[in-house]
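Could you walk me through this model in the viewer, one selection after another? I would like to know what to pick next and what I will find there.

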Amino acid sequence: MALSIWEILAVFAAGVGAGTINTIVGSGTLITFPVLLATGLPPVTATVSNALGLIPGSISGAIGYRKELAGQRRRVLKLGVGAAIGGLCGATLLLALPSTAFETIVPVLVALALVLVILQPRISKAVQRRREHTGTTPRTDGGPLLFVGLTLASVYGGYFTAAQGIIYLSLMGMLVDDTMQRLNAVKNVLAAVVNSIAALFFLFVADFNWTAVVLIAVGSAIGGQIGAKVGRRLSPTVLRGLIVLVGTAAIVQLLLR
């Protein structure tokens, strides 16, 4: 279907906004998805087009955070395997399951992730005190629990992507001893992996709108650079507050859909 000039501008602007917010926090899909639906695209076609279009934005955001990725190669490679597996499973489920299956549990997952983000400083301090008491060393990769948790979060990410970044940050914030900015850099790489794996799968088995894909791709790539410049200047407290704000908006929008 052909888009009007106003629809083209709206989709492009949504792409810029999604690329920016995805790099800083996540949940950019909550900007692009409603706009794609408003242009008349069917839900599955809109989801697939969105996943394809957001790949450049995820890559752009990861490049923008390349300084924070220094020294995290082993962590990224390990968690990236789980993200790839989860992303492929999620993409498969998108075409196999009714949308209501995930729509029911998504708000609950996002709400739980927000609670974990809010409590993360206290949880981290409690874990650190326990380690000091027992003499155990912190795990830099989060251990099996983080791998399984991020793999499951990536299943959801391959299915819809909205707020997956918030879930990633909440899990890593609890289980990995590192700064929020460095964990945010890892989040951007994992999101790029999930989007890319899901998109490659969609290319062969699903319908998508090339015009929408290109518009979101260009817009999200620009937004990724904007998000990286803004995001790395935020303090951990402000970044955590922004995550909670965006996540709350995501829950409201998901419940009202």
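## Start at T47

Select T47 and show its side chain: with a relative accessible area of 8%, T47 is buried. This is a predicted model, so please read every value on this tour as computed from it. T47 sits in helix 3. Now display what surrounds it. Leaving aside neighbours within four places in sequence, T47 is in contact with F33, L94 and Y159.

## Widen to helix 3

Extend the selection to helix 3, residues 43–53. How many of the eleven residues of helix 3 are buried? Nine of them are, so the helix is largely enclosed by the rest of the structure. Colour T45, A46, T47, V48, S49, N50, A51, L52 and G53 to see these buried positions.

Next, bring up the elements that the buried residues of helix 3 pack against:

- helix 2 (29–38) and helix 4 (55–64)
- helix 5 and helix 8
- helix 10 and helix 11 (210–231)

## Step back for the whole fold

Hide the side chains and switch to a cartoon. The secondary structure comes to twelve helices and zero strands, and reading along the sequence gives α-α-α-α-α-α-α-α-α-α-α-α. Of the 257 residues in the protein, 53% are buried. Among contacts with a separation of 6 or more, 84% are between residues 24 or more positions apart. If you turn on the surface, its accessible area comes to about 11,600 Å², and 71% of that belongs to carbon and sulfur atoms.

## Along helix 5

Select residues 73–96, which form helix 5. At 1.5 Å a residue, its 24 residues should span 34 Å, and the end C-alpha atoms are 34 Å apart, so the two agree.

Which residues of helix 5 are buried? They are R75, V76, L79, G80, G82, A83, G86, G87, G90, A91 and L94. As you look at this list, remember that an α-helix has 3.6 residues a turn, so residues three or four places apart point the same way. The cover over the buried residues of helix 5 includes helix 3 (43–53), helix 8 (143–159), helix 9 (164–175) and helix 10 (180–205).

## A charged network at R75

Stay on helix 5 and zoom in on R75. R75 is buried, with a relative accessible area of 8%. R75 forms a salt bridge with D178, and the closest N and O atoms are 3.0 Å apart. This pair links distant parts of the chain, as R75 is in helix 5 while D178 is in the loop between helix 9 and helix 10, 103 residues apart. D178 counts as partly exposed, at 28% relative accessibility.

Now add R182 to the selection. R182 also forms a salt bridge with D178, with the closest N and O atoms 2.9 Å apart. R182 is partly exposed, with a relative accessible area of 22%. Together, R75, D178 and R182 are linked in a network of salt bridges. A search of the whole structure finds two salt bridges.

## Into the nonpolar core

Swap charges for carbon and select L146, L150, M172 and F202. These residues have the most contacts inside the largest nonpolar core, which has 55 residues. Which helix gives the most to this core? Helix 10 does, with nine residues.

Centre the view on L150. Not counting residues up to four places away in sequence, L150 touches L79, Y168, L171, M172 and L190. You have already met L79 among the buried residues of helix 5.

## Two last stops

Select F208 and W210. The structure holds two aromatic pairs. The ring centres of F208 and W210 are 5.0 Å apart and their planes lie at 85°, so this pair is edge-to-face. F208 is partly exposed, with a relative accessible area of 21%, whereas W210 is exposed, at 53%.

Finish with I222, which lies in helix 11. I222 is partly exposed, with a relative accessible area of 40%. Draw a distance from its C-alpha atom to that of S60: the two are 162 residues apart along the chain, and the separation is 7.6 Å.

Technical notes. Residues numbered from 1 in each chain as written. Predicted model: local features only at pLDDT ≥ 70, side-chain atom pairs only at ≥ 80, totals over all residues. Heavy atoms only, no water. Helix = DSSP H or I, 4+ residues; strand = E, 2+ residues; numbered from the N terminus. Expected span 1.5 Å × (residues − 1). Buried < 20%, exposed > 50% of the residue type's maximum accessible area, 1.4 Å probe, protein only. Contact = heavy atoms within 4.5 Å. Phe/Tyr/Trp six-rings, centres within 6.5 Å; stacked < 30°, edge-to-face > 60°. Areas by Shrake-Rupley, 256 points an atom, 1.4 Å probe, with all protein chains shown as cover. Core = buried A, V, L, I, M, F, W, Y, C linked by side-chain atoms within 4.5 Å. Salt bridge = Lys/Arg side-chain N within 4 Å of Asp/Glu carboxyl O.
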